[in-house]
Amino acid sequence: SAKFESLKNQIDPHFLFNSLNVLNSLIEENPDMAQDFTTSLSKIYRYVLEQKDKELVPIEEELDFAKIYMTLLEMRFENSIRFSFPENTDFNEGKVVPLSLQLMLENCIKHNIVSEQKPLHIRIYLENGYLVVENNLQKKETLNQERKGVGLQNIVNRYTILTKRNVLIEESKEHFKVKIPVLTKQIEVMETINTTNDNAYLKAQKRVKDIKEFYGHLITYCLIIPLLIFINLYTYSDFLWFFFPMFGWGIGLSIHAFTTFGYGKDWEEKKIKELMEKNKQNNWE
């Protein structure tokens, strides 16, 4: 969970800084277009913030977002870039990791020449359970060709955590393709993990409360019993009555200690850990 959260948090500043770089160039080239870009960017960034806490989103939402993002790219590159979308709109409730299309589109722009003389053609389509982003290959010579970039690696890492199905990357002389799995069902219900985590938290919270109550009980015992001993010895030392509350209360304190730290608590924690370990294998397919 921590690794997945770290990957999701990586997207937010990565997207923002790249968008601001685009906006900066537009301000100099075309101030009016820069204003339109800012308006569209605010809508896109709202989507980024809404989706950043989700593991998966419906493929329709991701495609709608990609269309808005493409309008920003078209503002910048005008006739130098062209897009096409899937004609089939029946996705059978398929899901993908959020912002995956945006990161793949950004990867296309980053690693390829985009000009009116060499327009970049980007095609998005479905193929055998994968959502594919394909572009004509016209690499920028100045870039290290072995480097896939933050965006693409982020997608690969998130899918590795969520499913056994891999992100596929194919390159030929003419085209570059990235295929991300469209996930349609869970092998085991992920709610089990959430429920187990919630139960573990509640158990831990109750355990802390029980420990605090025991130590409060112990401190009270340690303060009151010496006071009773002092009163007994000071007022009537011939009859040592303080033994009765000391032993009676002591038995109650011992029982409290056993219920707080004894075997009865350990089996619950062991069972919770066992269930959490089993559910680590829950994957999407």
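These notes cover one strand with its neighbours and one surface patch in a predicted model.

1. Strand β5, which spans residues 130-136, is a mostly covered element, with seven of its seven residues buried. In a regular strand the side chains alternate between the two faces of the sheet. In β5 both faces are covered, since Y130, V132, E134 and N136 are buried on one side, while L131, V133 and N135 are buried on the other.

2. On one hand, β5 is paired with strand β4 (residues 120-127), and the two run in the antiparallel sense over six bridges. Within this pairing, I122 has N135 of β5 as its bridge partner. The two strands form a hairpin in which two residues lie between them, and N128, found in the turn, has a positive phi of about 50°.

3. On the other hand, β5 also pairs with strand β7 (residues 175-181), again in the antiparallel sense, and here over seven bridges. For V133, the bridge partner in β7 is V178, and V133 is also one of the buried residues of β5.

4. A separate point concerns the surface, where I219, L223, I224, L227, F230, I231 and Y234 form a nonpolar patch whose members together have about 750 Å² of accessible area. Among them, I224 is found in helix α6, which covers residues 191-235.

5. Is I224 buried or exposed? The answer lies in between, because its relative accessibility is 32% and I224 therefore counts as partly exposed, a class that runs from 20% to 50% relative accessible area.

Methods. Residues numbered from 1 in each chain as written. Predicted model: local features only at pLDDT ≥ 70, side-chain atom pairs only at ≥ 80, totals over all residues. Heavy atoms only, no water. Patch = residues over 30% accessible without salt bridge, like charges linked within 9 Å, V, L, I, M, F, W, Y side chains within 5 Å. Areas by Shrake-Rupley, 256 points an atom, 1.4 Å probe, with all protein chains shown as cover. Salt bridge = Lys/Arg side-chain N within 4 Å of Asp/Glu carboxyl O. Helix = DSSP H or I, 4+ residues; strand = E, 2+ residues; numbered from the N terminus. Buried < 20%, exposed > 50% of the residue type's maximum accessible area, 1.4 Å probe, protein only. Pairing = 2+ DSSP bridges.
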